[in-house]
Amino acid sequence: MNQPFSSRLPLEHAPHGLLEGLKPGDAFFSSPVTTLLGRGAAHECQTADARPQTLDDAARALFDTAKQQGHPDPIIMGLIPFDHADSARLFIPEELLREAPGTFEQYPPGVPLETPTRTITPEPAPGHYRQAVERALTLFDTTALDKVVLARSLRARIEAPVDAQALLKRLVSINPQGYNFALPTGERESLVGASPELLIRREGHRVIANPLAGSIARHRDPAEDQRRAESLRVSEKDLREHALVVEAIVAALRPLCHTLEVPEGPEVIATDRMWHLSTTLEGELADPGMTSLAVAAALHPTPAVCGAPWQDAHQAIKALEGFERGYFTGLVGWCDATGDGEWAITIRCAELAPDHVRVFAGAGVVPGSSPQGELEETAAKMRTMLDAMGLDYEDDATNTTA
């Protein structure tokens, strides 16, 4: 294998950006502060599980091996699953290219994608999803559960593989300031997405978290769109859901930080399809040796993707969802040898395989939620990936059981 190296690619030498160089099997991650393109895997690890200590041990071993072999600037890229019992994938690219932020402002979306399909199957079916929400609502009266996030997926059997580079171009054109990614998950499989949600960024001693919880679909009519944003801003149900998430992250971060700045309330932010309640937390780490990956592992999964309390929500998800999430609502990101890095939550994403694609979405269920409302929220969230791939699917509103 070639000697691994890290190089920085100046913007003036890359007029079309690193995205133009993405090839099958490459790893790509972009954020408001950096863009990374990794080729090959000089060193990699499939962990036995995704528990914090396992991830920390695996990362340290990867860095030690890379440094012993003369790697000048090793950076880990990786995917962490939703469930701690599942395996994470961490690797140091054989070749790493970096780019400054700002590349994707006004990025052209390219030619619209068309994805010919044989079948599109909801997993679970819309009626079953509504029934799961109904069952979750009964748990609030009989258990300690305060919130549970219930997800669903669409599996499309396709006639030809989706071009990951073309898909990512469309995603960054609508999400230039988000967390755009394409990472291989197998020999011919990958996870591609455009997440709006940062779990943690570490810059020296400083850490930033940006939880999102509480959402409403956007509308094409500008007046109605603004009305929806304002309704979300004052929604008692959504504010309560958001507060649960922020309180849990604050409780996890406080023991790790000397200082932690917590705003009085959330703001409303927009993505291409959704309005979200958003809070930005900033703190200073008490232990300067704690890496971005270690902080991310300590926080994951938050109530934004699981629920609260964590154990009760996780148990409800296992009982009600009916499918394995894998990397959906897990983490994607990077960490360098100094500990700096970013980890975003893997939402607004799709699994790509040669013969199928799988799109995911979830919604937070709290007291006051409605089964039909949560179904519609997941449908709106799926539209980012469905539209980007040119897939046409609408839930059958009359289907109550299948």
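This passage walks through the sheets, helices and cysteines of a predicted model.

A convenient place to begin is the open sheet, which is built from nine strands in the order E4-E6-E5-E20-E21-E12-E13-E18-E15, with antiparallel pairing. Strand E4 (43-46) and strand E15 (257-261) stand at its edges; each has a single partner strand, so one side of each is left without a neighbour in the sheet. From one strand to the next, the twist averages 15°. Within this sheet, strand E5 (residues 75-80) and strand E20 (residues 331-336) are joined in the antiparallel sense by six bridges, and Ile 80 is found opposite Leu 331 of E20.

Two helices can be followed onto this sheet. Helix H1 (residues 52-68) packs on the sheet and touches E4, E5, strand E6 (89-92) and E20. The direction of H1 makes about 15° with that of E6. Helix H6 (residues 292-299) also packs on the sheet, where its contacts are with E5, E6, strand E12 (198-203), strand E18 (281-285), E20 and strand E21 (341-345). Here the angle between the directions of H6 and E12 is about 150°. H6 is mostly covered, as seven of its eight residues are buried. These buried residues are Ser 292, Leu 293, Ala 294, Val 295, Ala 296, Ala 297 and Leu 299.

Strand E10 (residues 179-184) is likewise a mostly covered element, with six of its six residues buried. Tyr 179, Phe 181 and Leu 183 point one way from the strand, while Asn 180, Ala 182 and Pro 184 point the other way; all are buried. E10 pairs with strand E2 (residues 27-30) in the antiparallel sense over three bridges, and in this pairing Ser 30 has Asn 180 as its bridge partner. E10 is also joined by six bridges to strand E11 (residues 190-195), again running antiparallel. Tyr 179 stands opposite Ser 195 in E11, and five residues lie between E10 and E11 in the hairpin that they form.

Helix H7 (residues 310-320) shows two contrasting sides. Ala 313, His 314, Ala 316, Ile 317 and Leu 320 are buried. They cover an arc of only 160° around the axis, which places them on the same side of H7. The spacing of such residues follows a simple rule: an α-helix has 3.6 residues a turn, so residues three or four places apart point the same way. On the other side of H7, Gln 311, Gln 315 and Ala 319 are exposed. The cover over the buried residues of H7 includes helix H2 (126-142), strand E9 (147-158) and strand E19 (307-308). Just after H7, Gly 322 adopts a positive phi of about 85°.

Helix H4 (residues 222-233) can be treated in a similar way, starting with its length. At 1.5 Å a residue, its twelve residues should span 16 Å, and the 17 Å between its end C-alpha atoms agrees with this. The buried residues of H4 are Glu 224, Asp 225, Ala 229 and Leu 232. Viewed down the axis of H4, they fall within an arc of 145°, so they line one face of the helix. They pack against strand E14 (212-217), H5, strand E16 (267-270) and strand E17 (274-278).

Helix H5 (residues 236-253) contains Lys 237. A lysine might invite a second look here: with a relative accessibility of 18%, Lys 237 counts as buried, because the cut-off for buried is under 20%. Apart from neighbours within four places in sequence, Lys 237 is in contact with Gly 364, Val 366, Gly 368, Ser 369 and Glu 374.

Finally, the cysteines. The count of disulfides comes to zero, where a disulfide requires a pair of cysteine sulfur atoms within 2.5 Å. For Cys 257, the closest cysteine sulfur is that of Cys 335, 16 Å away and therefore too far for a bond. Cys 257 is buried, at a relative accessible area of 11%. For Cys 306, the closest cysteine sulfur belongs to Cys 349 and is 16 Å away, again too far for a bond. Cys 306 counts as buried, with a relative accessibility of 0%.

Key: Residues are numbered from 1 along each chain as its sequence is written. This is a predicted model: local features need pLDDT of at least 70, side-chain atom pairs count only at pLDDT 80 or more; totals for chains, interfaces and linings use all residues. Side-chain values use heavy atoms; hydrogens and water are left out. Buried means under 20% relative accessible area, exposed over 50%, partly exposed in between (1.4 Å probe, protein chains only). Helices (H or I, at least four residues) and strands (E, at least two) are DSSP runs, numbered from the N terminus. The arc is that of the directions from the helix axis to the C-beta atoms. Contact means heavy atoms within 4.5 Å. Two strands pair if DSSP finds at least two bridges between them. Axes are lines fitted to C-alpha atoms, for helices over the stretch in contact, and angles run from 0 to 180 degrees between N-to-C directions. The expected span of a helix is 1.5 Å times one less than its number of residues.
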